Amino acid sequence: MADDLDFTGSLRMPARPSGAPAAPLYVPAVARAFFESAGEEESVPAGTVFFSENEKASRFFLQRDKMYLLLEGEVSLVAKGKPLAAPQPGEIFGEMAAISASPRSATAVARSACRVIALDDKGFAAALQKNPEFALMMLGTMIVRLRGMIARLSGVPGSTQPKEATRVFDKALLGTMVTGLGEQAIVRYDKGKVIMVAGQAGALMYVVVEGRVAITIRGALIERIGAGGIFGEMALVDQSPRAANAAAETDCSLLAVNRNIFLSLVKSEPAFGIALLAAMAERLRNTATRLN
């Protein structure tokens, strides 16, 4: 499962599941403009370790995770002793840990002298405010990878029982969204009611305001989503059919967001885009764990 855990790998477009429409493609020029808007080129000697497997940044010691755009040179990626696909010039590596603040899932070493542009979380937020289209491109590539994993899930519950998903939007941002979109965007479901079904066209994504929602794939419980959590966003990004079923595990109040509003929020609210990317990174990790 090394490829599934290659979260430090580049954003090159993976093979998409049969019949799935194309998601936003990775465009090197967009990535370079994004990194150059908040970072500067730096030269890295051969043998330099960019980051190590299981390493985690410590705000207490003023250490921050970074993601990198490779401009020139060769970088090796190794996870659990196995080599992973190496980033090519014009591609990104190290983005998952930088976005989600999770431990590094691989070690990255400069095999030759390299030129890179690095961004930490603060630089990433600043760049996203100037280039919001990068978030959509990044979400698109992550979703293609996630759909590929979902297609391989058996539907049989694994040894790891699903826990409640991490809150995506904090109370302040959630409150702002509810106020901004208004009461007409709130939908309510009684306990046990079906909210969406796999295979359906997806016109809305949902943010849980109150209650809890159960996400299932072919009969297996994959995730529980509580207040501040989201679901249904994949279909808004790549406009593919729903990949999972969702039902109200308790009485629920949900904020329904259509594609136009979704795109507007990504472009106008960097915090919204960052929260979505972090949630997608976490979902990728959890799904990969179920495949092991």
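The face of helix α7 that is turned away from its buried side carries the exposed residues N260 and K267, where exposed means over 50% relative accessible area, buried means under 20%, and partly exposed lies in between (1.4 Å probe, protein chains only). Helices (H or I, at least four residues) and strands (E, at least two) are DSSP runs, numbered from the N terminus. This is a predicted model, in which local features need pLDDT of at least 70 and side-chain atom pairs count only at pLDDT 80 or more, while totals for chains, interfaces and linings use all residues. Residues are numbered from 1 along each chain as its sequence is written, and side-chain values use heavy atoms, with hydrogens and water left out.

Helix α7 spans residues 259-268, and its buried residues are F262, L263, L265 and V266. These residues lie on the same side of α7 because they cover an arc of only 160° around the axis, the arc being that of the directions from the helix axis to the C-beta atoms. An α-helix has 3.6 residues a turn, so residues three or four places apart point the same way. At the start of α7, a side-chain oxygen of N258 comes to within 3.2 Å of the backbone nitrogen of N260.

Strand β12 (residues 213-217) is largely enclosed by the rest of the structure, because four of its five residues are buried. Two strands count as paired if DSSP finds at least two bridges between them. Strand β12 is joined to β13 (residues 220-225) by five bridges, and the two run antiparallel, with I217 standing opposite A220 in β13. The hairpin of β12 and β13 has two residues between the strands, and in it R218 takes a positive phi near 45°. Strand β12 also pairs with β15 in the antiparallel sense, over four bridges, and here T216 stands opposite N245 in β15.

Most residues other than glycine have a negative phi, and most peptide bonds are trans. The table gives two residues with a positive phi that are not glycines.

| Residue | Phi | Loop | Relative accessible area |
|---|---|---|---|
| N54 | about 70° | between β2 (49-51) and β3 (66-72) | 61%, exposed |
| Q239 | about 55° | between α6 (233-238) and β15 (245-248) | 55%, exposed |

Turning to the cysteines, C114 is buried at 3% relative accessibility, and C252 is buried with a relative accessible area of 4%. A disulfide is counted where a pair of cysteine sulfur atoms lies within 2.5 Å, and by this rule the count comes to zero disulfides.

How values were computed
Polar contact = N/O pair within 3.5 Å; in protein donor to acceptor, adjacent residues only side chain to side chain.
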